[in-house]
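Visitor: I'm new to reading protein structures. Could you walk me through this one with some questions and answers?

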Amino acid sequence: MTAYNIVRFRVKPGREEEFVDTHRNMAADGFPGMRRVALVDTGGGTYCVLGEWDSFDDIVAARPDMIGVLDALRDMLDEISPELGVTDPISGHAVVELGAAAEAPPTRPKRKAAKKAKPAAKKKTSAKKPV
């Protein structure tokens, strides 16, 4: 089943554009197993990153690299709380998925149309003329 990670950030005033641009450039590279990522502006300088992954194991394997990305963002972030620091990360397996992509039946490969048989060629017979 699909896995997701969600990370909440509070960006320092005046650093929002830089924060968004950094994510835009980083999202193009992605991580192995990551299907897609979205950066959501939730208002008031707060953003959430939502990552969709092939499996939870892919999230676990990418954590060291994701921490590296966070290190590049750290100076743009305000502390959310003393307990959380500058991020509020959560992740897990999807237990329900709704929507067109989730509800679409699996696609089957299209079968090639059978070739129409050509009509049998007429045999040429040499008719003998009566003598």
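Visitor: Which side chain makes a polar contact with the side chain of Thr2?

Guide: Keep in mind that we're looking at a predicted model. Thr2 sits in the segment before E1, and its contacts beyond its sequence neighbours include Arg35, Trp53, His93 and Glu97. The polar contact joins two side chains at 3.4 Å, and the partner of Thr2 is Glu97.

Visitor: Is Thr2 buried or exposed?

Guide: The cut-off to know is that buried means under 20% relative accessible area. Thr2 has a relative accessible area of 6%, so the word for Thr2 is buried.

Visitor: Okay, what about Glu52? With which residue does Glu52 form a salt bridge?

Guide: Glu52 is also on the contact list of Thr2. Look for a side-chain nitrogen of Lys or Arg within 4 Å of a carboxyl oxygen. For Glu52, the closest N and O atoms are 3.3 Å apart, and the partner is Arg35.

Visitor: How many residues apart in sequence are the parts that this pair, Glu52 and Arg35, ties together?

Guide: Arg35 is in strand E2 (residues 34-43), while Glu52 is in strand E3 (residues 46-53). Arg35 is partly exposed at 44%, whereas Glu52 counts as buried at 12% relative accessibility. Because the two residues lie in those two strands, the pair ties together parts whose separation in sequence is 17 residues.

Visitor: Which residues are linked with Arg35 and Glu52 in a network of salt bridges?

Guide: We've already met the bridge between Glu52 and Arg35. The network holds that pair and also Arg36 and Asp54.

Visitor: Now a helix! What separates Arg24 and Asp21 along helix H1?

Guide: Their side chains meet in a salt bridge, 2.8 Å from N to O. Arg24 is exposed at 54%, and Asp21 is partly exposed at 31%. Since they are 3 residues apart in helix H1 (residues 16-27), what separates them is about one helical turn.

Visitor: Which residue does the side chain of Arg74 meet in a salt bridge?

Guide: Arg74 is partly exposed, with a relative accessible area of 36%. Its partner counts as partly exposed too, at 46% relative accessibility. The two side chains come to 3.0 Å, N to O, and the partner is Asp71.

Visitor: How many salt bridges does the count come to?

Guide: We've looked at a few, including Arg24 with Asp21 and Arg74 with Asp71. With the 4 Å rule, the count comes to 8.

Visitor: Let's go inside. Which element gives the largest share of the largest nonpolar core?

Guide: In soluble globular proteins, nonpolar side chains tend to be buried together. Here the largest nonpolar core has 11 residues, among them Val7, Phe9, Tyr47, Leu73 and Val86. Strand E1 (3-11), E3 and helix H2 (56-73) each give two or more residues to this core. The largest share is 3 residues, and that comes from E1.

Visitor: How many residues are in the second, separate core?

Guide: Its members include Phe31, Ile59, Ala62 and Met66. In total, the size of this second core is 7 residues.

Visitor: How far apart in space are Gly45 and Gly14, C-alpha to C-alpha?

Guide: Gly45 is found in the loop between E2 and E3, and at 14% relative accessibility Gly45 counts as buried. Leaving out residues up to four places away in sequence, Gly45 touches Phe9, Arg10, Val11 and Glu16. Gly45 and Gly14 are 31 residues apart in sequence, and their C-alpha separation in space is 9.3 Å.

Visitor: Back to the surface: is Val96 buried or exposed?

Guide: Val96 is placed in the loop between strand E5 (87-93) and helix H3 (100-103). Together with Val95 and Leu98, Val96 makes a nonpolar surface patch of about 380 Å². Exposed means over 50% relative accessible area. With 59% relative accessibility, Val96 therefore counts as exposed.

Visitor: Last one: in what order do the elements of the protein chain run from the N terminus?

Guide: There are 3 helices and 5 strands to place. Starting at the N terminus, the order is β-α-β-β-α-β-β-α.

Technical notes:
Residues are numbered from 1 along each chain as its sequence is written. This is a predicted model: local features need pLDDT of at least 70, side-chain atom pairs count only at pLDDT 80 or more; totals for chains, interfaces and linings use all residues. Side-chain values use heavy atoms; hydrogens and water are left out. Patches are made of residues with over 30% relative accessible area and no salt bridge: like charges are joined within 9 Å, nonpolar side chains (Val, Leu, Ile, Met, Phe, Trp, Tyr) within 5 Å. Accessible areas come from the Shrake-Rupley method with a 1.4 Å probe; for residues, only the protein chains shown count as cover. Helices (H or I, at least four residues) and strands (E, at least two) are DSSP runs, numbered from the N terminus. Buried means under 20% relative accessible area, exposed over 50%, partly exposed in between (1.4 Å probe, protein chains only). A nonpolar core is a set of buried Ala, Val, Leu, Ile, Met, Phe, Trp, Tyr and Cys residues joined through side-chain atoms within 4.5 Å. A polar contact is a pair of N or O atoms within 3.5 Å; within protein, one must be able to donate a hydrogen and the other to accept it, and residues adjacent in sequence count only if both atoms are side-chain atoms. Contact means heavy atoms within 4.5 Å.
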